[in-house]
Amino acid sequence: MEKLYIGIDLGGTYIKGGIIDDKGKIKAFKEVPSERQSGAEKVTNNIIDLVNGLVLESGLTIKDICGLGVGVPGIVNQETGTVIFATNLKWENYPLARILKEKLNFDKEIKIGNDANLALIGEYKFGAGKNYKDLVFITLGTGVGGGVISDGKLITGNGGAGAELGHSVIVAGGRKCNCGRKGCFERYASANALISYAVEEVRKNPASLMNGLRITGKTPFEYYEKDESAKKAVDKYIYYLALGLINYANIFRPQIILLGGGISKEGEKLIKPLEEFMKNELFAYGKAPDVEIKISSLKNDAGFIGAAAQFIEN
Ligand SMILES: [Zn+2]
């Protein structure tokens with residue numbers, strides 16, 4: 001009989017969950033608001049309702065599930081199943097796995113992990129990262145998340161606190177970051193950074209076609225060909241993005257850099273110029289092994305598929 005797992009992607013706004021079979025196929029999907037402002041207990045109860053809803057609607061019981069994985073936006077101790085620190089949720093030392101196990105009356109294993117790391121696991125086992133063993137994964141969303149697999153092993157660092165790729169400084173004394181440092185990669189390569197570049201350009205040039213628009217991460221790409229300010233904003237964004245990516249390429253020398261998150265939807269508009277930067281700046285380009293850049297393929301499903309994929313060998 002096929003084995004079934006549940007994967008949960010706990011986000012700041014929504015909780016996504018799915019029942020996944022051992023081939024990585026989604027058998028059922030559900031999404032509910034996380035309601036993080038109402039506190040950890042409420043969020044946990046929402047996860048429980050989602051899990052119960054998934055099994056019920058699939059005509060199963062919790063006993064049919066062979067493992068439950070949860071991706072959390074923060075630092076996680078995988079050994080104890082405790083969320084050590086999650087800024088956006090305002091959680092500290094929260095024993096999520098233990099509470100879920102008790103409340104769900106679940107007698108199999110619960111594994112929690114960092115959300116970006118688990119999304120990377122999803123891509124690695126069932127998505128665009130499938131045929132590689134050295135990968136760097138970067139999500140370009142409101143913030144910048146990251147994960148690294150080196151020689152088939154996920155690099156989590158001591159106590160799961162490593163691989164915070166968004167918080168390496170690329171501009172000394174630069175823009176202030178939520179983490180307390182100045183000039184973090186996240187402040188220059190997130191969707192929010194791109195929006196701020198566009199807003200700054202419009203301020204300098206009120207004749208810009210973007211003036212008066214509600215600017216999102218898509219807007220400057222949309223106007224790239226016909227508006228000088230949009231072009232400047234995007235070019236600046238890609239310059240900083242390339243700076244960070246080439247640093248990671250030099251440190252880890254992955255076979256592939258996978259891009260996820262909202263901005264990654266721009267596809268070739270990102271890949272083409274990034275490849276050009278790689279060619280000019282990557283250490284020993286053309287002599288040492290090449291570094292490919294690709295867009296992730298599981299998109300918004302990577303998080304919960306990866307959470308379940310922790311249990312799946314392939
Ligand atoms: Zn930072």
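This passage walks through a predicted model of one protein chain, from its domains down to single residues.

We can begin with the overall layout. The chain is divided into domain 1, made of residues 4-121 together with 301-309, and domain 2, which covers residues 131-296. The centres of domain 1 and domain 2, taken over C-alpha atoms, are separated by 28 Å. Where the two domains meet, 13 residues of domain 1 are in contact with 16 residues of domain 2. On the side of domain 1 that touches domain 2, the elements giving two or more residues are strand 5 and helix 3, the latter spanning residues 115-126. Helix 3 gives the most to that side, with six residues.

The interior comes next. The largest nonpolar core has 87 residues, and those with the most contacts inside it are Ile6, Ile138, Ala198, Ile257 and Ala308. Helix 7, residues 228-252, gives the most to this core, contributing 11 residues. Both domains take part: the core draws at least three residues from domain 1 and at least three from domain 2. Ala308 offers a view of the contacts made by one core residue. Leaving aside residues up to four places away in sequence, Ala308 touches Tyr5, Ile6, Gly7, Ile20 and Gly69. Ile6 is thus listed both as a partner of Ala308 and among the core residues with the most contacts.

Helix 7 also has a helical partner. Helix 5, residues 191-204, packs with helix 7 at an angle of about 145°, and their axes lie 9 Å apart. The crossing of helix 5 past helix 7 is right-handed. From helix 5, the residues Ala193, Leu194, Tyr197, Ala198, Glu201 and Val202 take part, and they meet Ser229, Ala230, Lys232, Ala233, Lys236 and Tyr237 of helix 7. Ala198, then, belongs to this helix meeting and is also one of the core residues with the most contacts.

Ala198 leads on to Thr219, a residue of helix 6 (residues 219-222). Thr219 touches Ala198, Met210 and Leu213, again not counting residues up to four places away in sequence. Is Thr219 buried or exposed? Thr219 counts as buried because it has 21 C-beta neighbours inside 10 Å, and 20 or more are needed for that label. The C-alpha atoms of Thr219 and Val234 are 9.7 Å apart, although 15 residues separate the two along the chain.

The strands can be followed in turn. Strand 2 (residues 14-21) and strand 3 (residues 26-33) pair in the antiparallel sense over seven bridges. Within this pairing, Ile19 has Ala28 of strand 3 as its bridge partner. The two strands form a hairpin with four residues between them, where Gly24 takes a positive phi near 85°.

A second group is an open sheet of three strands in the order 5-6-7, with antiparallel pairing. Strand 5 (75-77) and strand 7 (91-94) stand at the edges with a single partner strand each, so one side of each has no neighbour in the sheet. On average, neighbouring strands of this sheet are turned by 20° against each other, direction ignored. Strand 6 (residues 82-86) and strand 7 pair in the antiparallel sense over three bridges, and the bridge partner of Ala86 in strand 7 is Trp91.

Another open sheet is formed by five strands in the order 11-10-9-12-13, and its pairing is mixed. Its edge strands, strand 11 (153-154) and strand 13 (292-295), each pair on one side only. Strand 9 (residues 135-140) and strand 10 (residues 144-150) pair in the antiparallel sense over six bridges. Here Val136 stands opposite Val148 of strand 10.

Finally, two residues deserve a look for their backbone angles. Most residues other than glycine have a negative phi. Asn93, however, has a positive phi near 50°. This residue, Asn93, is placed in strand 7. Asn93 is exposed because there are 10 other C-beta atoms within 10 Å, and the label applies at 12 or fewer. Ala284 likewise has a positive phi, near 55°. Ala284 lies in the loop between helix 8 (268-281) and strand 13. With 9 C-beta neighbours inside 10 Å, Ala284 also counts as exposed.

Technical notes
Residues numbered from 1 in each chain as written. Predicted model: local features only at pLDDT ≥ 70, side-chain atom pairs only at ≥ 80, totals over all residues. Core = buried A, V, L, I, M, F, W, Y, C linked by C-beta atoms within 7 Å. Domains from an automatic or database assignment. Contact = placed C-beta atoms within 7 Å. Pairing = 2+ DSSP bridges. Axes fitted to C-alpha atoms, helices over the stretch in contact; angles between N-to-C directions. Left-handed = near helix turned anticlockwise from the far one by under 90°.
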